[in-house]
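Q: I'm new to this one and would like a close look at a single part, with the charged side chains and strands around it. Could you walk me through what is there?

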Amino acid sequence: QVLLVESGGGLVQPGGSLRLSCAASGRIFRINAMGWYRQAPGKQRELVATITSGGSTNYADSVKGRFTISGDNAKNTVSLQMNSLIPEDTAVYYCNAVGDLYHAWGQGTQVTVSS
């Protein structure tokens, strides 16, 4: 099994910043890509950002220019730097990892943007 643990969520004012982190552990053979998704109450889960082991990134249009995803292949971790946060960013953020033989999800961390 591959386990993912997220950290860094919390309450922040509009315009503020948060940094989310995710660490993978367990029976890991290789990780091809990691990413972040989010789900607001009453909404479906949506992609936020992904990064491959080669460093290629992809972002949702709603977060381009504000969020930055980064990873450390040696440590099997991924981070999401979130700047210029707006109330619409409020959601539970989930880390995921994709390998040749698995697709794992974390339990999520709450991000609330409110004044």
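**The hairpin and its surroundings**

A: Let's start with a hairpin: strands β7 and β8 form it, with 4 residues between them. In that turn sits N76, which has a positive phi of about 55°. Bear in mind as we go that this is a predicted model.

The two arms of the hairpin, β7 and β8, run antiparallel and are joined by 6 bridges. If you want a spot to look at, find S70, which stands opposite S79 in β8. Strand β8 also has β3 (residues 18-26) as a partner: these two pair in the antiparallel sense, over 6 bridges. Here you can pick out A23, whose bridge partner in β8 is T77.

While we're on β3, take a look at L20, which is found in that strand. L20 is buried, with a relative accessible area of 0%. Leaving out residues up to four places away in sequence, L20 touches a list of residues that includes V78, S79, L80 and M82, along with W36, Y93, T109 and V111. S7, G8 and G9 are on that list too. With G8, the C-alpha atoms are 4.5 Å apart in space, although L20 and G8 are 12 residues apart in sequence.

Now move past the end of β8. The loop between β8 (77-82) and β9 (91-98) holds D89, and this residue has salt bridges to follow. One goes to R38, with the closest N and O atoms 2.9 Å apart. R38 sits in strand β4 (residues 33-39), and the pair links distant parts of the chain, 51 residues apart. Both D89 and R38 are buried.

D89 also forms a salt bridge with R66, and there the closest N and O atoms are 2.8 Å apart. R66 lies in the loop between β6 (57-59) and β7 (67-72) while D89 lies in the loop between β8 and β9, so this pair ties together parts that are 23 residues apart in sequence. R66 is buried, just as D89 is. Put these together with E46 and you get one network: salt bridges that share partners join R38, E46, R66 and D89.

The count for the model comes to 5 salt bridges. Another of them brings together the side chains of D61 and K64, at 3.1 Å from N to O. D61 is exposed, with a relative accessible area of 65%, whereas D89 is buried.

Last stop: E6, a charged residue placed in strand β1 (residues 2-7). Side chains of opposite charge can pair when their charged atoms come close. E6, though, is buried yet has no salt bridge; the nearest side chain of opposite charge, R45, is 7.7 Å away. What does the side chain of E6 reach at 2.9 Å? That would be the backbone nitrogen of C95. A polar atom of the E6 side chain also lies 3.2 Å from the backbone nitrogen of Q107. Not counting residues up to four places away in sequence, E6 touches neighbours including S21 and C22, W36, Y93 and Y94, as well as G106, G108 and T109. You've met some of these names already: W36, Y93 and T109 are also among the residues that L20 touches.

Definitions and conventions
Residues are numbered from 1 along each chain as its sequence is written. This is a predicted model: local features need pLDDT of at least 70, side-chain atom pairs count only at pLDDT 80 or more; totals for chains, interfaces and linings use all residues. Side-chain values use heavy atoms; hydrogens and water are left out. A salt bridge is a side-chain nitrogen of Lys or Arg within 4 Å of a carboxyl oxygen of Asp or Glu. Buried means under 20% relative accessible area, exposed over 50%, partly exposed in between (1.4 Å probe, protein chains only). Two strands pair if DSSP finds at least two bridges between them. Lys and Arg count as positive and Asp and Glu as negative; His and the chain ends are not counted. A polar contact is a pair of N or O atoms within 3.5 Å; within protein, one must be able to donate a hydrogen and the other to accept it, and residues adjacent in sequence count only if both atoms are side-chain atoms. Contact means heavy atoms within 4.5 Å.
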